[in-house]
Amino acid sequence: MSEVFPAEVAAQHRHDRDVSGSFDEFYSAELHRLIALARGLCSPIVAEDVAQEAMLVAYRRWREISDLERPDLWVRRTCANLAVSQFRRGVIELRAVARLSMRRPPPAELSEPTDEFWNAVRRLPRRQAQAAALRFIYDMPIAEIALTMECSDGTVKQHLSRARQALAVALHVDLEVES
Amino acid sequence: MSLDHLARIATEELLDKSGTDPGDGLAALKRLRRRRNVERTAAITAAVALVGGGWLLAQRDTKASVPEPVDHHANVRDATIVAGGLHRVAVAHGDVTHLPSDAVRWTNLAFTPDGMQLLYENRDHDVASIDVSTGTTRTVMPCGVRRCSFELAADGDRIALPGRRDAGPGVVIRSIKTGEESFVPTPGLAPAMLTWSPTGDAVAFVTQEGLYTVGTDGTEPRWIAPVGSGSGLIRGPAWSPNGDIIAYIDQAPAYPGSPDGSTHAAMFTYTLKTVRPDGSDPRTLRGLGSCVCLGLAPPAITWSPDGSVIAATTLASGSETKPSRATEGPIVLVSQDGSVEQTEWSSHDNTELAWQPTPDR
C-alpha cells in the first residue's frame, strides 16, 4: 500500500505512527491505550494481562510485525480479539487471579457513570463492542477501524451505528451529536 | 447529557486510570517470555500445559489475522475530500490511493448522496463510478460528448450536462435510473461549468458574460454575477447544500512586466467569491493564488456536506517579477466570514475536489 502514497503523505504517516524498529519503543507508545482498550472490552481485573498477552505475541513475532505497514493496528486487533474471546480470556484470568493473590495492586476504580458506560460497552455484541472501543479510545477514523477489524468501511459504520443506538438505550441518554 | 459527551468523559477517565509504567511492564513481558520458553520445553505441570496450550491456540488464531495490505482503489474516510487530477490521486486525511486508471485527466468528480460511490468521467467519455469501499468500477451512463462536464443532482439520479439542440444551446438533464432526458434551453447563452441547486429545480452555469441561473422548468435564465474584470472568467461554481449561496472562482488576468518594461508575462489571479441565487449579497472571500498558468487548470472548489465551509485548492502565488507556474498550494477550508483553515493536503496540477457525504453523522 505504501507505493501509492505521495512522498509527503507517507513521511507524515510514518511520523504520526511513531513506530521505530525497536519493540521497546513500540511497547511504550502503545501500552497505555492498549490497556484502556482491554479494559473497555473485558473485566478490569484481567485487562492489563490481556494487553500484555497481545504485546507478548507481538514481541515473539516482532521481526514480522515490525515490517507491517501498521503494527499498531495489528496489536490493537490482537488485544481486542483476546478481550472478547471467552476461552482465551479464561486462560488469562487464571494467571491474573494467581497474580492478585500475590498482592498485585488492583486496577484503579472508575466512577459510577464511567463504570456504567463501559459495562454497557462490554454488553454489546462483540464486533460492535470492538468497533465502539476502538473509536472511543483511539479516536480512529472509520477506515482505520475497518483495517483493524478486517472488514469494510460500511460494516464498521453499521457496527458503530448500532452500538450507538444500543448504548443510548442502555444508558438512557440522547443520541444527538454535540456541535 | 448526550451520548457523545458521556463517551468522551468516560473515555478520558478510563485513559486516566489505565496508566501504568511501561518500563516495569516491558521488563515483566521479557521475563514472561523467557519463563514460558522454559516452561514449554519442560512441560512440567497441567496448569503450565493449559497456559501453553491456550497460548498456542492464540498464536494460530493471530497468525490468521496478520493484516495484509489493503488492495483496492479507494479507502476513504468520512468527510473526505477527494482530489483528482494530473496524478489522479485521492487525498483523504493521510490515506492516499489512486482514482481509477481510466479516469480522464480533468474529470469532474461527484459523490452519490450515500457517499459510497464516486462518479467520474472515463476515457470513453462515459460517466463511470467507483465504489469507495470495494474499488469496483462500472459505467453509469454514456455522455455522448467529449469532455463530459457532468454534475450530479442531490437526488443522486439526475445528471446535468452542457448541450445543444436544434433550437440552440442549453442544459441536458438525464436520469441515471431511467435514461429519460430533458432539455432546458438557454437562448443565446452557451452554458458551461454547471452546478445544481440542492432542491434540483435550478441549475447555475457560466458564460463569458458571467454567472447565470436557470430553472429546470425552462424559465428565462437570470444573470446573477458578472466577471470580475472585462477579460476575466468565472470558473467552477458550486451551489451550497442549503441553497442560499453560490460560490465561484473569479479568474482575472494580470500582466506583470519586467522591471524595465521590455517584456510582459501573462498571469492570472484567482479569487473565491460568493453570491446569492437572486444576485444579491456578492462577497469576496479569499484569494486562491496567481500563476502563469500556461493552460493548466485553475483552482477548484467544493462545499462541505453541511455547508459550513468551502474547500478550495490554491496556487503558489508569484510576484510581479517572478510569476509562478501552477504549483502545489495547500487545500484550504474557507468560511462565509472569510476565515480560513489550512488542511494537511496539497493541491496538485489540475486538481478537482469532491467532498464525501456521510449520512449517518
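Is Tyr212(B) buried or exposed? In this predicted model, Tyr212(B) is buried, with a relative accessible area of 10%. The residue takes part in an aromatic pair, which is described below together with the fold of chain A, the cysteines of that chain and a set of paired strands in chain B.

Chain A contains 10 helices and zero strands. Its pattern along the sequence is accordingly written α-α-α-α-α-α-α-α-α-α. The chain comprises 179 residues, of which 53% count as buried. When contacts between residues at least 6 apart in the sequence of chain A are considered, 66% of them join residues at least 24 apart. The area exposed by chain A is about 8,300 Å², and 49% of it is supplied by carbon and sulfur atoms.

Over all chains, the structure holds zero disulfides. Cys42(A) is in no disulfide, and the nearest cysteine sulfur, that of Cys79(A), is 7.3 Å away. Cys79(A) is likewise in no disulfide, its nearest cysteine sulfur being that of Cys42(A), at 7.3 Å. Because a disulfide requires two cysteine sulfur atoms within 2.5 Å, the separation of 7.3 Å between these sulfurs does not qualify. Cys42(A) is buried, with a relative accessible area of 1%. Cys79(A) also counts as buried, at 0% relative accessibility.

Aromatic residues provide a further set of contacts. The count comes to nine aromatic pairs over all chains. In one of them, the rings of Phe26(A) and Trp62(A) have their centres 4.9 Å apart and their planes at 35°, so the pair is tilted. This pair links distant parts of the chain, with Phe26(A) in helix H2 (residues 23–41) of chain A and Trp62(A) in helix H4 (residues 62–65) of chain A, 36 residues apart. Phe26(A) and Trp62(A) are both buried. These two residues belong to one aromatic cluster that is formed by Phe23(A), Phe26(A), Tyr27(A), Tyr59(A) and Trp62(A).

Another aromatic pair lies in chain B, where the ring centres of Phe205(B) and Tyr212(B) are 5.5 Å apart. The planes of these two rings stand at 5°, so the pair is stacked. The limit for a stacked arrangement is an angle under 30 degrees. Phe205(B) is buried, with a relative accessible area of 0%, and Tyr212(B), at 10%, is buried as well.

Chain B also includes strands that pair in the antiparallel sense. Strand S8 (residues 151–152) of chain B pairs in this sense with strand S9 (residues 158–165) of chain B over two bridges. Across this pairing, Leu152(B) stands opposite Ile159(B) in S9(B). The hairpin of S8(B) and S9(B) has five residues between the strands, and within this hairpin Gly156(B) takes a positive phi near 70°.

S9(B) additionally pairs with strand S10 (residues 168–175) of chain B, again in the antiparallel sense, over eight bridges. In this second pairing, Ala160(B) stands opposite Ile173(B) in S10(B). S9(B) is joined to S10(B) by a hairpin through two residues. S9(B) thus pairs with S8(B) and with S10(B). In a regular strand, side chains alternate between the two faces of the sheet.

Notes: Residues numbered from 1 in each chain as written. Chains lettered and ligands numbered in written order. Predicted model: local features only at pLDDT ≥ 70, side-chain atom pairs only at ≥ 80, totals over all residues. Heavy atoms only, no water. Buried < 20%, exposed > 50% of the residue type's maximum accessible area, 1.4 Å probe, protein only. Helix = DSSP H or I, 4+ residues; strand = E, 2+ residues; numbered from the N terminus. Contact = heavy atoms within 4.5 Å. Areas by Shrake-Rupley, 256 points an atom, 1.4 Å probe, with all protein chains shown as cover. Pairing = 2+ DSSP bridges. Phe/Tyr/Trp six-rings, centres within 6.5 Å; stacked < 30°, edge-to-face > 60°.
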